[in-house]
Amino acid sequence: MSKKTYNDYYQDETFRAKRLEYMAEKVTCECGTVCSRVNLPRHQRTGIHDRRLEKSANIAVIQQNIVEMEKKIDKIQRDIDASKKRIKRAQK
Ligand SMILES: [Zn+2]
């Protein structure tokens, strides 16, 4: 008996249903795009994927910069408050 081919398997209703379900399954790419699981590798070779990843990397860098600037602002504000207290004490 010869080896079963894909077409032979595809004649089986259970196999076909499972296969179609797998083909229709949606996944979310790391770039945020929703696409079918079977098309994910193809999507990941596109410029859309590259640009979206680059954009989110840029956003992450900007967010990190904001966090660091906020820390500096907090420190400056504490220094200002301390200086004001020293002036008040000196004026008494
Ligand atoms: Zn992607």
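A residue is called buried here if 20 or more other C-beta atoms lie within 10 Å of its own. With that criterion in place, let me turn to helix H4 of this predicted model. None of the 45 residues of H4 meets the criterion, the number buried being zero, so the helix lies largely in the open.

The length of H4 can be checked as well. Helix H4 covers residues 47-91, and at 1.5 Å a residue its 45 residues should span 66 Å; the C-alpha atoms at its ends are 65 Å apart, which agrees.

I would next like to place this helix within the whole chain. The protein chain has four helices and two strands, and along the sequence these follow the pattern α-α-β-β-α-α. The radius of gyration is 29 Å, whereas the globule rule gives 12 Å for 92 residues; the value for this chain is well over that, so the chain is more spread out than a compact globule. The principal axes give a related description: along them the C-alpha trace spans about 105 × 25 × 20 Å.

Burial and contacts may be considered together. Across the 92 residues of the protein chain, buried residues make up 0%. As for contacts between residues at least 6 apart in sequence, 3% of them join residues at least 24 apart.

The chain is divided into two domains, domain 1 comprising residues 1-45 and domain 2 comprising residues 60-92. How far apart do the C-alpha centres of domain 1 and domain 2 lie? The separation of these centres is 57 Å.

Let me now move to helix H2, residues 13-24. Its twelve residues, at 1.5 Å a residue, should span 16 Å, and the end C-alpha atoms are indeed 16 Å apart, which agrees. Is H2 buried or in the open? Of its twelve residues the number buried is zero, so H2 lies largely in the open.

Finally, I turn to a single residue, Lys-26. Lys-26 belongs to strand S1, which runs over residues 26-28. Inside 10 Å it has 10 C-beta neighbours; a residue with 12 or fewer is classed as exposed, and therefore Lys-26 counts as exposed. Which residues does Lys-26 contact, leaving aside its neighbours within four places in sequence? The contacts of Lys-26 are with Val-34, Cys-35 and Ser-36. Thr-5, in turn, is 21 residues from Lys-26 in sequence, and the C-alpha to C-alpha distance between the two is 27 Å.

How values were computed
Residues are numbered from 1 along each chain as its sequence is written. This is a predicted model: local features need pLDDT of at least 70, side-chain atom pairs count only at pLDDT 80 or more; totals for chains, interfaces and linings use all residues. Domain bounds come from an automatic or database domain assignment. The radius of gyration is taken over C-alpha atoms; the globule rule is 2.2 Å times the number of residues to the power 0.38. Two residues are in contact if their C-beta atoms, placed from the backbone, lie within 7 Å. The expected span of a helix is 1.5 Å times one less than its number of residues.
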